[in-house]
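Here is a quick look at one helix and one stretch of protein–DNA contact. Have the structure open as you read.

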Number of protein chains: 2
Amino acid sequence: MSDPVLLPLLGGPPPERRDAARNREALLVAAQELVDSCGVDHVTMEAVAARAGVGKGTVFRRFESREGLMAALLDRSETVWQAAVISGPPPLGPGADPMERLLAFGRSRLTTTMRHAELIRAAGRAGSRSYAAWSFTAMHVRYLLGELHVAGDLPILATALLAPLEVPVLEQQLSVEAFPLERVAAGWEDLARRVVRPPGA
Amino acid sequence: MSDPVLLPLLGGPPPERRDAARNREALLVAAQELVDSCGVDHVTMEAVAARAGVGKGTVFRRFESREGLMAALLDRSETVWQAAVISGPPPLGPGADPMERLLAFGRSRLTTTMRHAELIRAAGRAGSRSYAAWSFTAMHVRYLLGELHVAGDLPILATALLAPLEVPVLEQQLSVEAFPLERVAAGWEDLARRVVRPPGA
DNA sequence: AATAGAAACGGACCATGGTCCGTTTGGGCT
DNA sequence: AGCCCAAACGGACCATGGTCCGTTTCTATT
């Protein structure tokens with residue numbers, strides 16, 4: 001029977017079996033290599049499986065779908081950026097005043113989004129991962145707006161600032177309309193100021 | 001030889017052959033019926049072809065891809081909405097003052113987008129069609145901002161107002177975070193006012 | 001160490017979007 | 001009317017994402 005002492009401590013689902021963990025890692029490495037060498041949309045699930053030395057079924061059991069695999073890859077890249085926001089040097093990280101941080105956030109998020117654009121596209125709305133990514137930025141912007149004593153519906157206002165930084169919107173501006181990146185960045189700063197500026201001033 | 005009088009008038013590409021036009025129409029009708037009865041993502045290209053009584057190759061020749069077909073379908077629905085904006089009754093159509101029109105535009109676009117959400121998703125970035133749809137709303141908002149004497153980079157500000165009305169953003173708020181529709185709509189109005197409000201007042 | 005059963009594995013199999021090419025058809029020209 | 005050929009057609013064929021299930025491997029328990 002199972003240990004009555006451990007039982008109450010089991011918070012989440014049981015841990016992965018060792019071979020499963022090894023395969024997950026191998027698959028992520030293989031996928032990353034293929035993405036780097038062929039570009040996201042030329043990577044097939046079979047190729048990833050073959051390169052990792054496992055069967056195709058295994059890939060889908062671990063990551064649900066192609067989107068899920070891409071989301072997992074994306075997660076890794078996003079994590080290092082999130083760390084820079086949480087605990088990196090100012091003005092992106094803590095230390096600068098909130099308005100400076102907000103403007104730094106916008107510029108940084110803009111370039112990061114474009115850098116990861118292909119992967120973000122390929123990840124689609126994969127499970128709860130993409131939600132997690134959105135959630136982080138939403139929480140951060142909400143926090144900064146709070147520090148700036150912005151009045152209003154903060155979650156909604158945060159969304160208003162984040163929406164123009166989504167891939168399809170940025171691609172429309174940068175690629176289709178061919179606005180220079182600096183113009184888009186400056187435009188976002190202007191938007192941020194308009195949103196933050198108090199009504200009576 | 002070809003008529004020397006007609007030749008200079010040939011602005012665009014030559015017109016479709018009669019059978020081609022008939023098939024295009026039959027395919028659109030078939031696709032619409034299937035979408036209505038099964039839901040967008042259960043419609044297969046073969047099913048559409050079969051229902052229209054043509055071969056699969058024909059569907060792809062006319063519409064390029066699944067996304068292209070969905071975009072064509074979407075186009076029809078969007079057109080009637082666009083007509084309402086251009087020449088319908090105020091406050092959405094012309095006649096009301098610009099700020100009223102802008103607020104009416106936001107609410108109307110919000111509900112229209114959600115009504116067409118599945119189709120918009122399925123249409124993806126299909127050819128120049130999705131660009132045309134974006135282009136219309138962008139132009140309209142730019143025009144209204146001009147009428148309101150808003151100072152700044154109007155194309156960019158228009159984008160800032162349109163981005164929060166895109167499907168993924170709205171779904172995040174309405175479905176994932178479960179904000180009531182009225183809250184999202186009110187939030188957009190607040191955003192519009194902040195963007196329009198002049199700096200010194 | 002032996003055992004049992006849950007979990008993971010692999011690759012054949014299926015569904016569907018998309019391509020290709022030999023055949024048919026429409027419509028301008030004589 | 002008859003000819004011609006560009007355009008359109010159709011459906012076999014291919015690539016790839018995703019499923020299924022019989023087999024193998026891990027690990028907790030004795």
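The notes below take the helix and then the DNA contact in turn.

## A helix with two sides

Keep in mind that this is a predicted model. In chain B, helix α2 runs over residues 45-52, and Met45(B), Val48(B), Ala49(B) and Ala52(B) are its buried residues to look at. They sit on the same side of α2(B) because they cover an arc of only 100° around the axis. Flip to the other side of α2(B) and you'll find Glu46(B) and Ala50(B), which are exposed.

So what covers the buried residues of α2(B)? The cover includes three helices of chain B: α1 (18-38), α3 (56-63) and α4 (66-87). Just after α2(B) comes Gly53(B), with a positive phi near 75°.

## Meeting DNA strand D

There are 23 residues around DNA strand D, and those that come nearest are Lys56(A), Arg66(A), Asn23(B), Arg61(B) and Arg62(B). Of the strand D atoms that come within 4 Å of the protein, 57% belong to sugar and phosphate.

Some polar pairs are worth a click. The side chain of Lys56(A) has an N or O atom 2.4 Å from a base oxygen of strand D. With phosphate oxygens of strand D, the side chain of Arg62(B) has an N or O atom at 2.7 Å, and Thr58(B) has a polar side-chain atom at 3.0 Å.

## Who supplies the surface

Two or more residues each come from α1 (18-38) and α3 (56-63) of chain A, and from α1 and α3 of chain B. The largest share is that of α3(B), with 5 residues. By type, the surface near strand D has 10 charged, 7 polar and 6 nonpolar residues.

Terms used: Residues numbered from 1 in each chain as written. Chains lettered and ligands numbered in written order. Predicted model: local features only at pLDDT ≥ 70, side-chain atom pairs only at ≥ 80, totals over all residues. Heavy atoms only, no water. Buried < 20%, exposed > 50% of the residue type's maximum accessible area, 1.4 Å probe, protein only. Helix = DSSP H or I, 4+ residues; strand = E, 2+ residues; numbered from the N terminus. Arc of directions from axis to C-beta. Contact = heavy atoms within 4.5 Å. Near = heavy atom within 4 Å. Polar contact = N/O pair within 3.5 Å; in protein donor to acceptor, adjacent residues only side chain to side chain. Nonpolar A, V, L, I, M, F, W, Y, C, P; charged D, E, K, R; others polar.
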